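Trainee: Got a few minutes to go through this one with me? I'd like to start from the annotated part and work outwards.

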Amino acid sequence: MIDKYETLSSDLLTWIQQTIMILNNRKLANSLTGVQQQLQSFNSYRIVEKPPKFQEKGNLEVLLFTIQSRMRANKQRVYTPKEGALVADLNRAWEHLEWAEHERERVLRDELIRQEKLEQMARRFDRKASMRETWLLENQRLVAQDNFGYDLPAVEAAKKKHDAIETDIAAYEERIQGIVAISKELESERYHDTKRIDVRKDNILRLWDYLQELLKARRARLDKNLTLQRIFQEMLYIINWMDGMKVHSNTKNTHNTITIWPKQLTKWKILTVMHTVLTIPGPCCNQTHNPGYKPCDPQVIKDRVQHLDLCYQELCALAAQRRARLEQSRRLWNFFWEMAELESWIKEKEHIFSSLDYGKDLTSVLVLQSKHSAFENELGARRAHLQQILDEGDKMIQARHFGAPQVGDCMEDVRRQWQQLEELAAFRRQNLQDTQRFFQFQGEAEDLKAWLLDAKRQMTSDDMGHDEYTTQRLLKRHRDLRNDVARNGATIDALTKQAAALPEELRNTPDIQRRLKDIRDLYMELMSLCDLRQRKLDDAMALYTIFSETDSCELWMGQKETWLVGLDVPENLEDLEVVQNRLSILASDMANVQTRVDDVNKAVKQLEDSRHPCTKEVKECQLRLNKRWEAFKAMVVDKKRKVDSALSYHNYGLECDETEAWIRDKTRVIKSTQDLGNDLNAVMTIQRKLYGMERDLAAIEDKLNFLRSEADQLAKDHPDNAADILFRRAELDAAWDNLRATLKDREDSLGEVSKLQTFLQDMDDFQSWLFKTQKAVASEDLPETLPQAEQLLNLHDDVYDEMDAHEEDYHKVRDTGVAVTQGQLDDPQYQELDKRLKGLDRGWDELHKMWDSRKGFLDQGLGFQLFMRDTKQVETILNNQEYTLAHTDKHDTLDGAEQALKKHEDFVCTMDANMEKLASTLEGGQRLVDSGNLYSPRVQDKMDSIHDRYNKNRGKANEVTGILKDNRDLQHFLQNTQDVSYFIYFLGTR
């Protein structure tokens with residue numbers, strides 16, 4: 001029974017696990033029928049397959065209970081199923097089965113609902129697709145019809161009907177997009193019949209595109225018909241208009257007044273516009289030669305065009321005759337009108353230039369001169385206009401115009417009046433200039449005299465200041481005033497020249513000569529007063545400076561003397577250093593005080609030279625200050641000497657101890673090399689220990705010489721400690737002699753080995769230099785600027801010079817090494833030495849290769865930086881060109897427009913001149929690219945950028961040239977129309 005239970009429980013658990021795996025499978029059918037079948041299979045499982053298994057689970061529980069009851073009855077150990085076959089495990093597995101069953105049912109029902117929605121959407125798509133296909137086919141048949149009509153109203157009505165069709169079709173596009181949206185949604189939801197949906201959608205889109213093409217083609221044909229009918233209508237209007245203009249062109253009346261001929265000439269200009277109108281048949285002719293759609297019979301178009309051309313030729317012939325007559329009449333009456341206007345203007349200006357008002361003062365004269373300059377400018381502007389009118393009259397006389405006699409008389413009269421007007425203007429200009437110079441001289445003379453009187457009042461002041469500050473301020477004010485007086489000397493000379501330039505009748509008047517004499521006398525008196533007041537102020541300043549500086553210096557010396565008197569020389573080294581530092585600060589302060597004492601002595605000398613009344617008091621003050629200053633300096637020197645001597649004594653003991661320890665250390669190092677032997681390994685060890693010994697011995701000897709001289713001086717300064725000082729010096733000398741004797745004994749014991757040591761030392765030095773140089777040459781620094789590139793290249797060349805200088809050392813070390821290792825290669829140490837020599841050879845060759853590589857790299861960098869410098873200059877030129885082209889304005893006057901055009905033409909010339917700089921830069925960049933420069937991509941990009949910007953600037957310049965020329969022509973036309981308008985208005989007012 002136990003085996004049966006275990007078998008049945010194991011089979012039931014296996015079935016539950018397999019069933020859960022099946023139920024957890026989420027791979028569902030992608031159609032409504034498939035999902036329904038899966039749901040039906042699930043329901044069959046729940047009704048047919050599941051109940052027996054549930055019954056089997058209950059039987060297992062009963063069987064287990066029976067087994068356990070019997071074993072208790074038989075007093076046997078109760079049977080307990082193994083782990084995984086317990087009733088609780090079966091119940092837990094059954095619960096998992098129930099949960100998987102529930103999830104399977106939920107998923108199947110959700111998928112069933114989704115498939116039903118997709119089927120409904122597909123049916124809606126099919127219904128709408130059928131409607132859209134029907135509508136598209138009907139509209140294609142409608143658009144394919146070309147019933148446009150044969151006159152302009154019928155074609156325009158057809159155009160309106162076509163516009164309505166286009167509007168209707170454009171509104172229908174939203175429905176087409178709705179079909180596409182439904183198709184995309186079905187595709188995104190993975191509908192099972194997506195291929196059929198896409199085929200039908202593509203068919204609808206194809207029909208829609210075909211309808212659009214038919215609509216565009218019908219629009220093109222309709223536009224051609226409409227254009228043709230409009231041209232026919234325009235041709236009819238033009239023919240009728242030309243028939244009316246022929247009647248006006250046949251009249252013989254040219255009129256003899258200037259108020260009538262502009263109207264006649266305007267009618268003729270209207271006739272000349274017809275050459276533009278005749279360009280209308282051009283599209284018609286194109287219609288006849290177009291091999292495609294033809295809205296009309298080509299022969300009809302040709303006949304109408306020929307008829308229009310014939311009418312135009314007849315009208316042009318009549319218009320040319322009429323224009324010739326009108327031009328002659330207009331030329332004559334225009335000349336008379338211009339001459340009449342000039343005569344009126346000349347008479348008006350003669351009255352103004354004949355005025356005897358030359359002003360009463362400088363202001364009124366300047367106003368009259370301004371007015372006269374305006375009159376002369378107007379006269380100059382009229383002169384060119386007069387010459388143009390006279391040239392026109394000469395041309396009329398040479399052409400034997402029917403009004404030539406009247407033209408000659410009028411020209412002669414105007415020339416005579418113009419000559420008189422110019423002479424009168426020159427006479428009035430000269431009189432105004434003389435009057436202006438006279439009044440200007442008077443004003444400047446009065447101003448200068450008033451200023452000189454005020455300066456004299458200041459120079460005669462008795463105020464010399466009451467202290468150093470006020471006197472210094474007065475001195476500054478006096479120097480400024482003296483400079484102003486000196487500058488006014490040139491003003492007096494200018495006044496004299498100005499008076500000499502006046503006319504003789506004004507120059508010899510008593511008033512002018514008196515003014516000049518008064519100003520000169522006052523100026524000379526003022527200069528003498530300046531010198532006198534300067535001396536007084538200098539003396540006062542020197543006196544105040546002496547007293548104030550003396551008091552200040554004595555106060556400072558009193559404070560420092562108090563400190564020096566109470567200062568005792570300390571015995572502690574730290575206190576001595578503090579006192580020495582304070583004395584150094586005092587020395588720098590004494591340098592400043594010495595400068596102030598020197599200034600006091602100079603000031604006293606100045607007062608003595610000027611014989612100042614206070615010279616006696618000043619001299620006593622100077623003697624007192626100098627005496628005290630010398631005593632103070634002597635006190636400071638004595639105190640400083642004592643402190644320095646005490647400090648030197650303390651430092652002497654410390655330096656002796658340090659030097660003695662140094663000597664003993666070197667002696668111990670030399671003695672440690674005696675037991676090493678004479679082989680190569682021993683020599684290398686000796687070399688390592690005695691490295692730098694000679695340099696250290698030289699330094700020790702210099703130190704000993706210094707300490708010997710220091711000991712002699714200290715023995716004199718400190719006689720009480722002289723025995724100790726000399727004893728310390730003797731100990732150092734003994735240690736030094738011992739060191740030198742030890743070194744000499746070691747050198748004698750080494751003998752020939754010293755040569756090997758020298759060789760190893762030279763090789764170590766050379767390898768150290770080689771490693772350092774390789775490290776420097778191996779640098780990968782990139783030059784960022786042109787100065788940096790030049791600097792790196794110069795440094796690299798210096799490295800090469802250094803390599804040349806060390807080449808002799810290399811060969812010397814190499815030859816010595818070969819000689820040392822010859823015949824000794826069986827020794828491992830000499831083998832190692834031979835490897836070092838070979839490594840030295842490789843390092844030397846690699847150094848030259850690295851230098852060559854770095855040299856090429858730096859040359860490329862220098863070339864690139866030179867190119868970048870040139871491109872910056874070119875870009876500056878291009879930036880200026882772009883700014884100038886972007887700020888070109890169109891003027892609203894003819895002169896402004898012509899000046900702007902001339903300025904732009906000059907700018908274009910500068911662009912052509914700068915092209916050489918740009919071309920040279922681009923050629924340099926191309927050479928870099930062709931040579932495979934490291935920066936070739938950046939160079940190419942920069943070249944392309946410069947080339948594109950220059951082409952844009954050139955195109956913009958051509959565009960601006962066209963705009964400015966059009967603006968100039970427009971302003972010229974506007975000015976002509978304005979002149980004609982003024983002329984018509986003038987005639988109307990007369």
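Mentor: Sure. Keep in mind that this is a predicted model. The unreviewed UniProt entry carries the annotation "coiled-coil region" for residues 155–189 and 690–717.

Trainee: Taking residues 155–189, how far apart are the end C-alpha atoms?

Mentor: Look at the secondary structure of that span to begin with: 97% helix and 0% strand. Helix H4 covers residues 152–188 here. From end to end, the C-alpha atoms of residues 155–189 are separated by 51 Å.

Trainee: And how do H3 and H4 run, roughly parallel or roughly antiparallel?

Mentor: Their axes are 10 Å apart, and the packing angle is about 155°. Anything over 145 degrees counts as roughly antiparallel. The H3–H4 pair is therefore roughly antiparallel.

Trainee: What is the handedness of that crossing of H3 and H4, and which residue classes make the contact?

Mentor: The crossing of H3 and H4 is left-handed. By class, their contact has two polar and six charged residues, and the nonpolar ones number 17.

Trainee: Moving back to H2 and H3, how many charged residues does their contact have?

Mentor: Helix H2 spans residues 32–73 and helix H3 residues 87–143, with axes that come within 10 Å and cross at roughly 170°. H2 and H3 are therefore roughly antiparallel to each other. Their contact has 14 nonpolar and four polar residues, and the charged count is 13.

Trainee: What about H1 and H3, roughly parallel or roughly antiparallel?

Mentor: Here the axes come within 9 Å and cross at roughly 20°. That crossing of H1 and H3 is left-handed. Angles under 35 degrees count as roughly parallel. So H1 and H3 are roughly parallel.

Trainee: Which helix gives the most to the largest nonpolar core?

Mentor: That core has 25 residues, and Tyr5, Trp15, Ile16 and Leu97 touch the most other members. At least two residues of the core come from each of H1 (2–23), H2 and H3. With ten residues, the top contributor is H2.

Trainee: One more, further along the chain: is Arg520 buried or partly exposed?

Mentor: Arg520 sits in helix H14, residues 510–565. Gly489 is 31 residues from Arg520 in sequence, with 9.1 Å between their C-alpha atoms. Buried would need under 20% relative accessible area. Arg520 has 37%, so the call is partly exposed.

Key. Residues numbered from 1 in each chain as written. Predicted model: local features only at pLDDT ≥ 70, side-chain atom pairs only at ≥ 80, totals over all residues. Heavy atoms only, no water. Axes fitted to C-alpha atoms, helices over the stretch in contact; angles between N-to-C directions. Helix = DSSP H or I, 4+ residues; strand = E, 2+ residues; numbered from the N terminus. Parallel < 35°, antiparallel > 145°, perpendicular 65-115°, else oblique. Nonpolar A, V, L, I, M, F, W, Y, C, P; charged D, E, K, R; others polar. UniProt positions renumbered as here; feature names shortened; annotations may be inferred. Left-handed = near helix turned anticlockwise from the far one by under 90°. Core = buried A, V, L, I, M, F, W, Y, C linked by side-chain atoms within 4.5 Å. Buried < 20%, exposed > 50% of the residue type's maximum accessible area, 1.4 Å probe, protein only.
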